[in-house]
Amino acid sequence: MALAIAQAKEAAALGDVPVGAVVVRGDEILAAAGNARERFGDPTAHAEIVALRAAAAVVGNWHLEGCTIYVTLEPCAMCAGALVLSRIDRLVFGAADPKAGFAGSLGDLVRDPRLNHSLEVVGGVLEQGCGEVLRAFFEERRSLG
């Protein structure tokens, strides 16, 4: 999660909302990314999507069984769907997102029993640190007017 927080801070420095994601398989880091919507001009360039794409390229397959993704913020519906479709086994996130989170807050797409895959979910890991990065970013944005 510490690496995901570092990715979030890097995204903030580049003008993106500070969310970071890291995909691991065992002890191997397959990919790490921060939000890149502003940088790439791509509405789908959330940290999770960028990290999943990079991890799939490393593995050479879109199936990411045996992998865990660490994310600083609870995934949105788009990212939750991508996690299910990638067949990733486990999601670990920091801060809950009561306005857009789809891993237990607003909805629970990643554990929906009607889908052909579901994930193990662990939330609240380094929650305070993950949330502080987001709060600081938005406080700075508000102060700039």
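The secondary structure of the chain comprises five helices and five strands. Along the sequence, these elements follow the pattern α-β-β-α-α-β-α-β-β-α. The radius of gyration is 14 Å, close to the 15 Å that the globule rule gives for 145 residues, so the chain is as compact as a globular protein of that length. The model is predicted. Its C-alpha atoms fill a box of roughly 45 × 30 × 25 Å along the principal axes.

Several totals describe the chain as a whole. Buried residues account for 47% of the 145 residues. The accessible surface comes to about 7,200 Å². Carbon and sulfur atoms hold 54% of that surface. Contacts often link distant parts of the sequence: among those between residues at least 6 apart, 56% join residues at least 24 apart. The side chains include 13 positive and 18 negative ones. The centres of these two sets lie 3 Å apart.

The interior comes next. The largest nonpolar core has 43 residues. Val23, Leu52, Ile69, Leu83, Ile88, Leu91 and Val110 touch the most other members. Many elements contribute to this core. Helix H1 (2-13), strand E1 (20-25), strand E2 (28-34), H3, E3, H4, E4 and helix H5 (127-144) each supply at least two residues. H3 gives the most, with six residues.

Ile88 shows how such a core residue is surrounded. Neighbours within four places in sequence are set aside here. Ile88 is then in contact with Val23, Leu52 and Ile69, and also with Leu83. The other contacts of Ile88 are Leu64, Cys67, Thr68, His117 and Leu119. Val23, Leu52, Ile69 and Leu83 are also listed among the core residues that touch the most other members.

Helix H4 spans residues 77-86 and is mostly covered. Seven of its 10 residues are buried. These are Cys79, Ala80, Gly81, Ala82, Leu83, Val84 and Ser86. The buried residues of H4 pack against helix H3 (47-59), strand E3 (67-73) and strand E4 (90-95).

Ser86 lies in H4. Its relative accessible area is 7%, under the 20% limit, so Ser86 is buried. Beyond residues up to four places away in sequence, Ser86 touches Leu52, Trp62, His63, Leu64 and Glu65. Leu52 and Leu64 are contacts of Ile88 as well. Gly34 lies 52 residues from Ser86 along the chain, and the C-alpha atoms of the two are separated by 18 Å.

Arg87 comes just after H4, in the loop between H4 and E4. Arg87 is not a glycine, yet it has a positive phi of about 65 degrees. Most residues other than glycine have a negative phi. The relative accessibility of Arg87 is 17%, so this residue counts as buried.

Arg90 lies in strand E4. At 27% relative accessibility, Arg90 counts as partly exposed. Sequence neighbours within four places aside, Arg90 is in contact with Cys67, Thr68, Ile69 and Tyr70. Further contacts of Arg90 are Leu119, Glu120 and Val122. Cys67, Thr68, Ile69 and Leu119 also appear among the contacts of Ile88. Glu139 is 49 residues from Arg90 along the chain, with 32 Å between their C-alpha atoms.

The loop between strand E5 (120-122) and H5 holds Leu126. Val125 is found in the loop between E5 and H5 too. Leu126 has a positive phi of about 50 degrees although it is not a glycine. With 47% relative accessibility, Leu126 counts as partly exposed. Val125 is partly exposed as well, with a relative accessible area of 27%.

Val125 brings separate stretches of sequence into contact. Apart from neighbours within four places in sequence, Val125 is in contact with Met1, Val92, Phe93, Gly94 and Cys130. Phe93 is 32 residues away from Val125 along the chain, but the C-alpha atoms of the pair are separated by 6.1 Å.

How values were computed:
Residues numbered from 1 in each chain as written. Predicted model: local features only at pLDDT ≥ 70, side-chain atom pairs only at ≥ 80, totals over all residues. Heavy atoms only, no water. Buried < 20%, exposed > 50% of the residue type's maximum accessible area, 1.4 Å probe, protein only. Helix = DSSP H or I, 4+ residues; strand = E, 2+ residues; numbered from the N terminus. Contact = heavy atoms within 4.5 Å. Core = buried A, V, L, I, M, F, W, Y, C linked by side-chain atoms within 4.5 Å. Rg over C-alpha atoms; globule rule 2.2 N^0.38 Å. Areas by Shrake-Rupley, 256 points an atom, 1.4 Å probe, with all protein chains shown as cover. Lys, Arg positive; Asp, Glu negative; His and termini not counted. Charge placed at Lys NZ, Arg CZ, Asp CG, Glu CD.
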